[in-house]
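Reader: I am new to reading models like this one and would like a close look at a single part. Could you take me slowly through one short helix and what surrounds it?

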Amino acid sequence: RHFSSSQNIMLLLDDSPFWRWQADYRPAVFLLALSGGRDSMALLQALVLQRARLAAPLSACYVDHGWSAASGEWGAFCVREAAARGVACEIVKLDWADGGGNAEARARTLRYQALATRLPPRGVLLTAHHREDQVETFFLQLLRGSGLDGLAAMPAQRPFADGAHWRPLLDTPRAAIEAFVAAEGVPFLDDPSNVDTRFARNRLRHAGLPPLVEMAAAVARSAGWLAEAQAVQQALLDEILGEAQTVLPWDALVAAHGVTVAKALLRRWLQRAGQPAPPGRRLLSFVGALGGQNGHAELHYGGTVVVQHRGNLHLFRA
């Protein structure tokens, strides 16, 4: 099959920092998370059209969540369309055996876990998140009362598994992707779950976000500034933390920097250990308990346990 080269997509990728990231990082392989939807199919087409500029082999992966009876057909579509462009695509089915919890969050966790196991050292996972996705994430975090980490929304680059995760279209408006897909005649699938308002993101997208679309660039820019502030904060916190890994000298940090800074150090300490931050209220309750007279407090969340003992905090994993 012949695929044309559109000026739209050339400009779209040329405006992306993708090529600079590639030159700096020198990845071993690119792994595209391919859902068959408009955005990931557009990114697949973009990468194929500029394959000569790619510094590493390109492959794709379709993660089957098993939420729809048609998910097998969607996987076959992804394999077929990727193969037509000379790209191998693997299908991975998620294991929901353990159940429980927020389905949307759990699906995201399982999806990234599955992708992480397929990423070799210095490999780069590519996802097709765009500007409106960033705006949705910002407002979801805002409505949850998130702090700086949440309001910084999605990073364009982040460490992931033994490599990295890049979002090269994060500053690209949805309209530009739609225009490219139409101009190139790129086939794509519409997932009915995208209009299921049981999911928080969909409720925001279909009920609250449309009037904000014209402000998307400004909101995304604010999220970008917050991400820069977060990076500066993390660098300063890392300097204070030094080599602290599983033991945090809590009492000494409070004495030297005060409770507010110590609380930020606690969150950063957990992040560096590969642990997500606990829910805000639970963290505040734990920090309050740390000042108790018995000198002992415990924080349990997910597979993580933090225990206070003799002025230090000790991190354990299930």
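Author: Directly after helix H2 comes Arg26, and the phi of Arg26 is positive, near 55 degrees. H2 itself covers residues 18–25, where a helix is a DSSP run of H or I with at least four residues, and helices are numbered from the N terminus. This is a predicted model, in which local features need pLDDT of at least 70 and side-chain atom pairs count only at pLDDT 80 or more, while totals for chains, interfaces and linings use all residues. Residues are numbered from 1 along each chain as its sequence is written, and side-chain values use heavy atoms, with hydrogens and water left out.

Within H2, the residues Phe18, Trp19, Trp21, Gln22 and Tyr25 are buried, a word that stands for under 20% relative accessible area, whereas exposed stands for over 50% and partly exposed for what lies in between, using a 1.4 Å probe and protein chains only. Because these buried residues cover an arc of only 160 degrees around the axis, they lie on the same side of H2; the arc is taken from the directions that run from the helix axis to the C-beta atoms. Turning to the other side of H2, we find Arg20, Ala23 and Asp24, which are exposed.

So the picture of H2 has two sides, with Phe18 and Tyr25 among the residues on the buried one, and with Asp24 among those on the exposed one. Following the chain onward from H2 brings us back to Arg26 and its positive phi.
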